[in-house]
Amino acid sequence: MYDPKSLKAEEFICHEEIEDTLKYADENKDNLPLIREILDKARLCKGLSHREASVLLACEDPEILDEIYKLANEIKHKFYGNRIVMFAPLYLSNYCVNGCTYCPYHRQNHHIPRRKLTQEEVAKEVIALQDMGHKRLAIEAGEDPVNNPIEYILDCIKTIYSIQHKNGAIRRVNVNIAATTVENYRKLKEAGIGTYILFQETYHKESYEKLHPTGPKHNYAYHTEAMDRAMEGGIDDVGLGVLYGLEMYRYEFCGQLMHAEHLEAVHGVGPHTISVPRLKKADDIDPTKFDNGISDETFAKICALIRIAVPYTGMIISTRESQKVRAQVINLGVSQISGASRTSVGGYAEEERPTDTEQFDVSDQRSLDEVVRWLMETDHIPSFCTACYREGRTGDRFMSLCKSGQIQNCCHPNALITLKEFLEDYASPETKAIGEKMIAQELENIPNEKTRSIAKGYVEKVAHGERDFRF
Ligand code: SF4
Ligand code: SF4
C-alpha cells in the first residue's frame with residue numbers, strides 16, 4: 001500500500017507505514033549501535049529516511065541528544081553559514097469558509113471583524129513594510145471563493161510588485177493560500193510568485209477530518225495532494241509545514257518527511273522550505289484544549305532532526321515563537337525568520353499593533369531593526385536576499401546548486417549586499433554601526449578572490465546610492 005511515488009495521498013502518506021515506523025522507532029530507541037550508524041550516515045549530509053529520523057526522535061539518551069544538536073549545528077553552518085533570511089507575512093483577508101477548529105478565522109467565529117484589503121490598502125501595507133526594510137513577503141488569505149477568488153490574490157501580487165517607494169521594493173512574494181486547482185497554480189506561477197506554501201496542519205487523516213469539520217478544507221486528499229498539483233502547474237518551489245500541537249508530534253514528524261520523500265520521488269525535487277509553527281493562543285482559540293502541545297525541548301529536537309534529515313531544505317520559524325526559542329533553534333537549523341510581524345489584516349499601516357483580527361498571538365514583538373541588531377550581536381548575518389528566484393534558480397536547478405555547495409558562493413555575498421542596503425536605508429545608528437563592522441569582516445571571509453572583489457564593489461556602490469546587486 002505504501003508507495004512514495006503514488007499520487008494518492010493515502011498511499012504516499014500511508015497511515016500503516018507511519019504506525020510501523022513509530023513501532024520500529026520505539027523498538028530501537030535504545031539500540032545504540034543502530035543509532036550511531038544513523039548518526040554516521042547523517043554526517044554525510046545526504047539526509048535521512050523517515051524511519052531513520054524517527055528512531056533518533058524516539059531516542060531519549062542525553063548523550064545522543066547532545067550529538068544530534070551538535071550535528072544539526074554543523075550541518076546548518078555547512079549549508080547556511082551564519083546567515084538568516086528575513087521575511088514578513090502580509091495578511092490580505094480573513095474571510096474564510098472553512099471550519100478549522102484551531103484558527104480564529106473559522107467560519108463559525110461570528111464576533112471577529114472580517115476584513116479584506118482593497119488594492120489601495122495593500123499598497124499602504126507594502127509601503128509600511130518597505131519602510132521597515134522588508135524585501136520578501138509571504139501573503140496569507142483565508143479560503144473564500146467569493147471574497148478571495150484567485151483573481152483577487154493575483155491583483156494583490158501585482159500591486160505588491162508594483163510599489164517602488166523610496167529605495168524600497170518587494171522582490172519576492174511567497175504565497176500561502178488554500179489548496180487549489182492546477183489552473184490556479186499556473187496563474188500564480190505566471191504572476192511571479194516565489195514559494196507556494198501550504199501547511200498540512202496534520203498528516204493524521206482521522207484527526208484532520210475532525211479538525212476540519214466543514215468547508216472545502218475537510219477533503220484530506222485534495223489538501224494533501226495540493227503540492228503535486230502546484231508542481232504540475234509549474235510551481236517548483238513548495239513549502240511544507242504542520243501545526244505542531246494538533247496531533248502526536250512523532251506522527252507529524254514522520255508524515256512530513258514522507259511528504260518530502262514523495263516530492264523528491266515524483267518530481268525530482270524536495271520541498272524548498274519546511275515551516276515549524278506551533279499552536280498558539282488567538283481570539284476564540286485556547287491551545288490548552290488541544291492535547292498534543294509540545295515542550296520547547298521537544299520543539300528544539302524536532303528542528304534539529306529536520307535539519308539533519310533534509311539538509312537542503314530551508315527551515316522557517318515565525319514570531320509565534322519567543323525570542324528565547326528563536327535564539328535556540330536558529331543554531332539548530334532554522335534558516336529563515338519573520339521579523340516585526342503583524343498577523344492581522346491591515347496591521348502594518350497602523351501605528352499600534354492591532355489585535356482584533358490577529359490569526360495568532362505574536363510572541364516576539366520586536367521591531368525589524370531590533371531583530372536585525374540582535375541577530376548580528378549573536379553573530380548571525382541578517383539577509384534580505386531574494387536572488388535565486390529572480391535569477392531563475394528554482395526547483396531542481398536550485399537544488400543541484402545547493403547539493404553541490406555552489407549556492408554558498410551566492411548566499412554569503414548576497415547577504416552582505418542586502419544587509420548593506422538595509423543599513424543605508426532603514427537601520428538605527430546603533431544597528432548601522434554594528435552592521436558596518438560585520439560587513440567589513442565578513443567580506444574578507446568570501447573565499448573566492450574574484451567574488452570577494454566584486455562583492456566589495458557592490459557594497460561600495462550601495463553606499464553611494466545604487467541598489468539591487470546580486471550574484
Ligand atoms: S487555517 Fe486557513 S482555512 Fe482554516 S480557518 Fe484559518 S484561514 Fe481559514
Ligand atoms: S542566494 Fe538564493 S539560496 Fe542564497 S539566500 Fe539568496 S535567495 Fe536564498
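The shell around ligand 2 draws at least three residues from each of domain 2 (81-388) and domain 3 (405-463); these bounds come from an automatic or database domain assignment. The structure is a predicted model, in which local features need pLDDT of at least 70 and side-chain atom pairs count only at pLDDT 80 or more, while totals for chains, interfaces and linings use all residues. Residues are numbered from 1 along each chain as its sequence is written, and chains are lettered from A and ligands numbered from 1 in the order in which they are written.

The shell of ligand 2 consists of Val85, Ser383, Cys385, Thr386, Ala387, Cys388, Ile407, Cys410, Cys411 and Asn414, where a residue is near a molecule or strand if its C-beta atom, placed from the backbone, lies within 6 Å of it. Helix H16 (387-390) and helix H18 (408-425) each supply at least two of these residues. Helices (H or I, at least four residues) and strands (E, at least two) are DSSP runs, numbered from the N terminus. H18 gives the largest share of the shell, 3 residues. By class, the shell around ligand 2 has 7 nonpolar, 3 polar and no charged residues; Ala, Val, Leu, Ile, Met, Phe, Trp, Tyr, Cys and Pro count as nonpolar, Asp, Glu, Lys and Arg as charged, and the others, Gly among them, as polar.

Ligand 1 has its own set of surrounding residues: Cys96, Asn98, Cys100, Cys103, Tyr105, His106, Gly142, Glu143, Ala178 and Lys217. By class, this shell around ligand 1 has 5 nonpolar, 3 polar and 2 charged residues. Cys96 also serves as a reference point for Gln108, 12 residues away along the chain, with 9.6 Å between the two C-alpha atoms. Gln108 belongs to the loop between strand E1 (83-93) and helix H6 (119-132). Gln108 counts as exposed because it has 10 C-beta neighbours inside 10 Å; a residue is buried if 20 or more other C-beta atoms lie within 10 Å of its own, exposed if 12 or fewer, and partly exposed in between, with C-beta atoms placed from the backbone.

The wider arrangement of the protein chain comprises domain 1 (9-76), domain 2 (81-388) and domain 3 (405-463). The centres of domain 2 and domain 3, taken over C-alpha atoms, are 28 Å apart. Between them, 17 residues of domain 2 are in contact with 21 residues of domain 3; two residues are in contact if their C-beta atoms, placed from the backbone, lie within 7 Å. On the side of domain 2 that touches domain 3, H15 and E9 each supply at least two residues, and H15 provides the largest share, 5 residues. By class, that side has 8 nonpolar, 4 polar and 5 charged residues.

Helix H15 (residues 368-377) has as its buried residues Leu368, Val371, Val372, Arg373 and Leu375. Their cover includes E1, H6, strand E9 (381-383), H18 and helix H19 (429-444). Just after H15, Asp379 takes a positive phi of about 70°. Most residues other than glycine have a negative phi. Other positive values occur at Cys45, with phi near 60°, and at Lys166, with phi near 50°. Cys45 sits in the loop between helix H3 (32-43) and helix H4 (50-58) and, with 16 C-beta neighbours inside 10 Å, counts as partly exposed. Lys166 sits in the loop between helix H7 (150-162) and strand E3 (172-176); its 10 C-beta neighbours inside 10 Å make it exposed.

Leu129, 37 residues from Lys166 in sequence and 12 Å from it in space, C-alpha to C-alpha, is found in helix H6. Leu129 is buried because 26 other C-beta atoms lie within 10 Å. Leaving aside neighbours within four places in sequence, Leu129 is in contact with Ala88, Leu90, His134, Leu137 and Tyr348.

Leu137 is also among the residues with the most contacts inside the largest nonpolar core, together with Tyr196, Cys303, Leu305 and Ile308; this core has 139 residues. A nonpolar core is a set of buried Ala, Val, Leu, Ile, Met, Phe, Trp, Tyr and Cys residues joined through C-beta atoms within 7 Å. Helix H13 (residues 296-309) contributes the largest share of this core, 9 residues. Not counting residues up to four places away in sequence, Ile308 touches Ala42, Leu48, Ile68, Leu71, Ala72 and Ile75.
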